[in-house]
Amino acid sequence: MQKTTLGNFELTMLTDGGYYLDGGAMFGVVPKVLWNKKMPADELNRLRLGLNTLVVRTGDKTIVIETGIGNKLSDKSVKIYGNEMLLMKQFDEAGVYPAEVDIVINTHLHFDHCGWNTFRQSDGTVAPTFPRAKYYMQKGELAHAHEQHERDRVSYLTDNYDPLVRNGQAVILDGDSEIAPGISVQLYPGHTAYHMAVIIESNGKRACYIGDLIPTTAHIHPTWVMGYDLDPIACIDNRHRFYKDAIPERWLVIFTHDPKVPWAYVGKDADGKYAIESL
Ligand SMILES: [Zn+2]
């Protein structure tokens, strides 16, 4: 577990562990001979990715951004993804108690971003993991999740969000919004049409949980977008839009699926290529 400060805020990086995704799906039209140098695939062409959850303590509020995969997948799915379900143990080790969490934010509602929003209890029923929290999600994303379109319905598991909509813990946002002092969300579409990033700001310093717009440090080149992205052109345009502010203003960038570098600064190297500077 890693910690840092941003102005007056304390940031703690937790993980739900690793999981497998197909290497080709992670890099879309980029040839394997190129991406495999940055992120080597195993004999089944899989990549072992991370599931990074950020906890922000502002002094007033405790905020959780993304909640990994959770413990509700079927046995068959756990075999496929090889996910580890570590997040609750990580909360315990970090001394963050689920009952103290005020705010949970999901960049979008794919199963690997909101899995621990709820958890399966020993009797098989599903309950909210954070009993006092409000859970923030985008209206358009929720509508798309409910549509269950054949292109991406495997990514949307209703138990991750519908129990919270039903019991009133969900707060449905309509576009860019301020959530709490120093915490806001902005639409950065492309991966999904209503995908959002979380902007964290304290004392003149900024960090951004950019979600699946730039899932790992191997994806920082603007055109290295994923096969999963519903609108790859929008992803590329929004990466440029993001870098235009994030690089000169030195935003700390949080990479949701990077297994080794969960946060870093983005800059340009001597050849003018996008590069990361570790924290
Ligand atoms: Zn994802």
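Here are four short exercises on charges, cysteines and backbone angles, each with a worked solution.

The model is predicted, so local features need pLDDT of at least 70, side-chain atom pairs count only at pLDDT 80 or more, and totals for chains, interfaces and linings use all residues. Residues are numbered from 1 along each chain as its sequence is written, and side-chain values use heavy atoms, with hydrogens and water left out.

**Exercise 1. Positive phi**

Task: Find where methionine 85 and asparagine 203 are placed, and say how exposed each one is.

Solution:
- Begin with the background: most residues other than glycine have a negative phi.
- Methionine 85 has a positive phi, near 55°. Its place is in the loop between α3 (75-81) and α4 (87-94); helices here are DSSP runs of H or I with at least four residues, strands are runs of E with at least two, and both are numbered from the N terminus.
- Asparagine 203 also has a positive phi, near 55°. This residue lies in the loop between β12 (196-202) and β13 (205-209).
- Now the exposure. Buried means under 20% relative accessible area and exposed means over 50%, with partly exposed in between (1.4 Å probe, protein chains only). Methionine 85 is partly exposed because its relative accessibility is 31%, while asparagine 203 is exposed because its value is 61%.

**Exercise 2. Two cysteines**

Task: Work out how many disulfides the model has, and whether cysteine 208 and cysteine 235 are buried or exposed.

Solution:
- Recall that a disulfide is a covalent bond between the sulfur atoms of two cysteines. The rule used here asks for a pair of cysteine sulfur atoms within 2.5 Å.
- By this rule the count is zero disulfides. For cysteine 208, the nearest cysteine sulfur is that of cysteine 235, 14 Å away.
- Check the accessible areas next: cysteine 208 is buried because its relative accessible area is 0%, and cysteine 235 is buried because its relative accessibility is 0%.

**Exercise 3. Salt bridges**

Task: Count the salt bridges, then locate the partners in the pair of aspartate 174 and lysine 139.

Solution:
- Apply the rule: a side-chain nitrogen of Lys or Arg lies within 4 Å of a carboxyl oxygen of Asp or Glu. The whole structure then gives 11 salt bridges.
- Aspartate 174 and lysine 139 form one of them, with the closest N and O atoms 3.7 Å apart. This pair links distant parts of the chain: aspartate 174 is in the loop between β9 (170-173) and β10 (177-180), and lysine 139 is in helix α5 (residues 139-147), 35 residues apart.
- Aspartate 174 is exposed at 62%, whereas lysine 139 is partly exposed at 47%. Elsewhere, salt bridges that share partners join Lys3, Glu10, Arg57 and Glu100 into one network.
- Within that network, lysine 3 and glutamate 10 have their closest N and O atoms 3.8 Å apart.

**Exercise 4. A buried charge**

Task: Find which side chain of opposite charge is nearest to aspartate 258, and which residues it is in contact with.

Solution:
- Place aspartate 258 in the loop between β14 (252-254) and β15 (263-268).
- Assign the charges: Lys and Arg count as positive, Asp and Glu as negative, and His and the chain ends are not counted. Aspartate 258 is buried yet has no salt bridge, and the nearest side chain of opposite charge is lysine 260, 7.0 Å away.
- List the contacts (heavy atoms within 4.5 Å). Leaving aside neighbours within four places in sequence, aspartate 258 is in contact with Gly50, Asn52, Pro215, Thr216, Thr217 and Ala218.
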